[in-house]
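Got your viewer open and a hand on the mouse? Let's take a walk through this structure, one selection at a time.

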Amino acid sequence: MMRARTSQPRTRTLQPNGGRNSGRAVASRCASIISSVMAAAILSLALALASPSASAADTCDESCLLKLADSAVEAVAAKDFRRLPWADPVRFTENNVPLMIGDAWWGSTGSNVGPKTFALADAETGNVVWFGTIWDHDEPSFGAIRLKVSSGKISELELIAARKRWPIPFGDPKAFTLPSSMTAPLKEADRRPRERLIDLADNYLATKQRNNGSLLADFAPGCAMTENGVRIGSAEADIEPKATDCASVFRAGLFAPVERIRDRRFPVVDVERGLVLAISVQDLPARQKTFATTDGKKFAVKREYPMSRLVAELVRIEGDRIVRSEAVAASLPYRMPTPWTQRPE
Amino acid sequence: MFRTVLAAVSLALALPVSVSAQSYGERTALPRGDCDRQCLESFATAYVSALRAKDPSRAPFADRIRFTENSVEMPVGEGLWASVSAIDPADGMIAADTETGNTAWFGHAYEHGNLIFLGIRIKVDDKKITEAETVIARRTGMPLIFGTGKEPHHPAWKQALTPEQQRPRPRLRAVADSYFNTVEYNDGQVFAHFKPDCSRLENGISTTAATGNTASSASVAEGCEAQFKLGIYRINKQLRERRYPLIDVERGIVVAMNFFDHANTFDEYKLTDGRTMKTLLKWPNSLSIMEAFKIVDGEIYTIEAVFDYVPYGMHSPWAEGKE
């Protein structure tokens with residue numbers, strides 16, 4: 001097993017035009033009016049204050065983040081983690097398990113790269129997510145890969161891999177695409193601030209959790225949800241509802257078997273496109289083998305045992321309405337905690 | 001009078017010292033003996049009876065109870081407690097370790113009518129259950145060997161050994177560990193010693209005697225040692241977080257837990273006789289395992305195991321800080 005380490009020197013290299021220069025400018029102005037000793041002290045203080053800030057060149061912009069995400073996927077396919085700029089320490093998980101870089105998918109990967117379905121970067125949080133086809137040897141799966149980049153270096157790498165044979169919906173990974181309408185820029189009037197988008201995505205999850213017919217979010221007509229390339233109209237109940245749009249299935253209570261959606265995170269938000277990356281863990285205890293929809297009908301659950309699912313979904317929001325969700329969902333042991341939340345719920 | 005006071009002071013001073021000197025994981029350094037085999041077995045039966053009733057209040061749990069299902073910690077009452085539909089307390093293989101207060105139950109049950117296999121370890125302190133660790137094998141669509149629930153437990157599990165057949169605790173543990181060393185990176189080298197008629201039941205099905213099930217290792221080679229000499233289990237990159245909480249010297253039983261890590265950096269491999277095998281899955285996965293060994297004369301005589309898939313590299317909350 002290889003040990004995670006950076007190929008870069010461990011000493012911090014300040015970037016041009018970033019906090020360092022603003023610190024220098026302050027120091028320079030001060031130096032003309034006070035003693036050099038004082039200036040040195042102020043320079044030290046300015047550097048200390050400026051270094052941790054996320055000012056322009058100390059960060060990785062959207063294009064830089066997207067490039068790093070592509071590079072990470074290529075590095076895995078080449079089984080060569082040394083070609084990437086790692087922070088130290090760095091954290092890597094595959095399906096909720098902390099592992100060493102070089103282990104897990106790094107070892108089973110095929111040489112194919114993608115294709116990429118879509119990638120979304122958020123320079124404000126330093127996160128980028130890559131959705132696409134991933135390979136273990138010659139077998140394709142659905143993958144969602146999140147990177148967090150600090151000072152141009154990867155400090156977090158999270159792989160959510162939905163692989164065949166786990167108890168999950170599973171379509172054709174080689175046909176993993178998004179409709180262009182999902183990623184098109186929004187009209188100005190339909191854009192909402194970051195915090196609002198996160199609230200709306202959270203309300204979408206709240207509607208799905210213990211789904212009893214109440215809508216805690218507004219859904220656009222024709223709103224659709226897919227998991228691993230499969231259109232879903234229930235929490236894997238033994239039913240094919242006639243109306244599979246989000247509002248209809250939630251009004252019917254078809255996600256009632258999802259008892260809890262916990263450890264919710266929203267690390268990537270794109271205001272211009274109304275997209276939010278929501279990562280969460282869904283608990284399905286299967287206390288009963290049937291559940292009742294809001295009209296009183298009973299349906300069987302498809303999987304009659306307790307299980308949890310790790311879900312990374314891209315939620316499209318237009319105005320104040322949820323329009324679509326595209327998810328990569330992996331199977332977990334029931335109630336498995338996630339290492340990414342500071343205080344697991 | 002002076003002596004009595006001095007003795008009391010000495011005792012007070014000695015007590016905190018003894019805490020740090022006690023065996024790992026033990027609440028007290030005082031040797032047990034308050035719950036003999038029959039007593040421990042009654043706790044296993046009480047646990048399974050409460051599980052059958054889906055009512056944790058019927059089990060003699062301590063105020064602070066730690067419970068896991070497939071290596072995830074959760075409140076008692078969750079997981080199988082909420083979904084079990086049938087289980088027969090009398091149908092299990094029971095082992096007991098009066099020295100550590102651990103007892104184990106291996107058997108099958110039904111969950112909403114579906115057959116599952118189940119391994120339970122319980123720890124008893126002061127006549128209360130303080131720990132309950134369970135491993136459950138379910139049919140989820142993953143490539144898992146699975147019996148019918150009708151295969152009997154080997155009668156040897158209930159039999160006491162003669163003094164000549166017995167081995168001390170450290171040796172029993174070493175023999176079980178040598179089995180795991182053999183399974184890990186299985187390339188034909190055999191570290192463990194097996195009885196010629198060694199057998200193994202995994203998730204309720206024999207994997208050492210041909211049953212016609214092609215998913216069983218017995219379809220490639222019968223018997224314990226022959227399989228390892230062939231290197232059937234080459235895919236096990238490592239057997240991780242091994243624990244041996246239950247050792248029964250009188251009956252020669254060790255109950256162990258660990259994870260089998262299948263990194264699957266390769267998707268086919270060769271047996272030592274040149275035959276090519278394909279891995280069941282092409283991607284990384286682990287098995288969470290509870291495994292019991294019957295060791296006679298220092299040799300493995302029979303094995304019973306329950307296991308199911310978990311995400312690759314998953315940790316056990318029971319092993320934290322012990323690696």
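Before you click anything, here is one term you'll need: two strands count as a pair if DSSP finds at least two bridges between them. Strands themselves are DSSP runs marked E, at least two residues long, numbered from the N terminus. Keep in mind, too, that you are looking at a predicted model.

**Stop 1: strand 15 of chain B**

Select residues 299-310 of chain B, and you have strand 15. Is this strand mostly covered or not? Mostly covered: 11 of its 12 residues are buried.

Now add residues 285-296 of chain B, which make up strand 14. Strands 14 and 15 of chain B run antiparallel and share 11 bridges. Look for Val296(B): its bridge partner in strand 15 of chain B is Glu299(B). Two residues sit between the strands of this hairpin, and one to click on is Asp297(B), which has a positive phi near 60°.

On to residues 194-202 of chain B, which are strand 8. This time the pairing with strand 15 of chain B is parallel, over five bridges. To see one of the matches, click on Arg200(B), whose bridge partner in strand 15 is Ile303(B).

**Stop 2: the whole sheet in chain B**

Show the rest of the sheet around these strands. In what order do the six strands of this open sheet come? Reading across, you get 9-8-15-14-11-10 in chain B, with mixed pairing. The edges belong to strand 9 (205-206) and strand 10 (238-248) of chain B, each of which pairs on one side only.

Zoom in on strand 9 of chain B, which pairs with strand 8 of chain B in the antiparallel sense over two bridges. Here Ser206(B) in strand 9 stands opposite Leu201(B).

Next, select residues 169-183 of chain B to bring up helix 4. Helix 4 lies across strands 10, 11, 14 and 15 of chain B, and its angle to strand 10 is about 155°.

**Stop 3: the nonpolar core**

In soluble globular proteins, nonpolar side chains tend to be buried together. Here, the largest nonpolar core has 162 residues. Which residues have the most contacts inside it? They are Ala72(A), Val128(A), Tyr47(B), Val254(B) and Ile300(B). You've already met the element that gives this core its largest share: strand 15 of chain B, with eight residues.

Pick Ile300(B) and display its surroundings. Leaving aside neighbours within four places in sequence, its contacts include Val175(B), Tyr179(B), Phe194(B), Cys198(B), Cys224(B), Phe293(B) and Ile295(B).

**Stop 4: a tryptophan further along**

Follow chain B into the segment after strand 15, and click on Trp318(B). Why does Trp318(B) count as partly exposed? It has 19 other C-beta atoms within 10 Å, and a residue needs 20 or more to count as buried. Setting aside neighbours within four places in sequence, Trp318(B) is in contact with Thr68(B), Glu133(B) and Arg243(B). Try the distance tool as well: the C-alpha atoms of Trp318(B) and Thr98(B) are separated by 20 Å, with the two residues 220 apart along the chain.

**Stop 5: over to chain A**

Chain A has seven helices and 14 strands. Of its 345 residues, 45% are buried. Look for an open sheet of six strands in the order 8-7-14-13-10-9, again with mixed pairing. Strand 8 (230-231) and strand 9 (260-270) of chain A each have a single partner strand, so one side of each is left without a neighbour in the sheet.

Strand 9 of chain A pairs with strand 10 (residues 275-284) of chain A in the antiparallel sense, over seven bridges. Click on Ile261(A), and you'll find Gln282(A) of strand 10 opposite. Then select residues 194-208 of chain A for helix 6, which lies across strands 9, 10, 13 and 14 of chain A and runs at about 150° to strand 9.

**Last stop: where the chains meet, and confidence**

Show both chains together. The contact takes 30 residues from chain B and 29 residues from chain A. On the chain B side, 13 of the residues are nonpolar, 11 are polar and six are charged.

Finally, colour chain B by pLDDT. The average is 90, and 89% of the residues score at least 70. Residues 1-21 of chain B fall below 50, and beyond near neighbours in sequence this stretch has three contacts in the model. For the model, the scores are ipTM 0.89 and pTM 0.86.

Key. Residues are numbered from 1 along each chain as its sequence is written. Chains are lettered from A and ligands numbered from 1 in the order in which they are written. This is a predicted model: local features need pLDDT of at least 70, side-chain atom pairs count only at pLDDT 80 or more; totals for chains, interfaces and linings use all residues. Two residues are in contact if their C-beta atoms, placed from the backbone, lie within 7 Å. Ala, Val, Leu, Ile, Met, Phe, Trp, Tyr, Cys and Pro count as nonpolar, Asp, Glu, Lys and Arg as charged, and the others, Gly among them, as polar. Helices (H or I, at least four residues) and strands (E, at least two) are DSSP runs, numbered from the N terminus. Axes are lines fitted to C-alpha atoms, for helices over the stretch in contact, and angles run from 0 to 180 degrees between N-to-C directions. pLDDT is the predictor's confidence in each residue, from 0 to 100. A nonpolar core is a set of buried Ala, Val, Leu, Ile, Met, Phe, Trp, Tyr and Cys residues joined through C-beta atoms within 7 Å.
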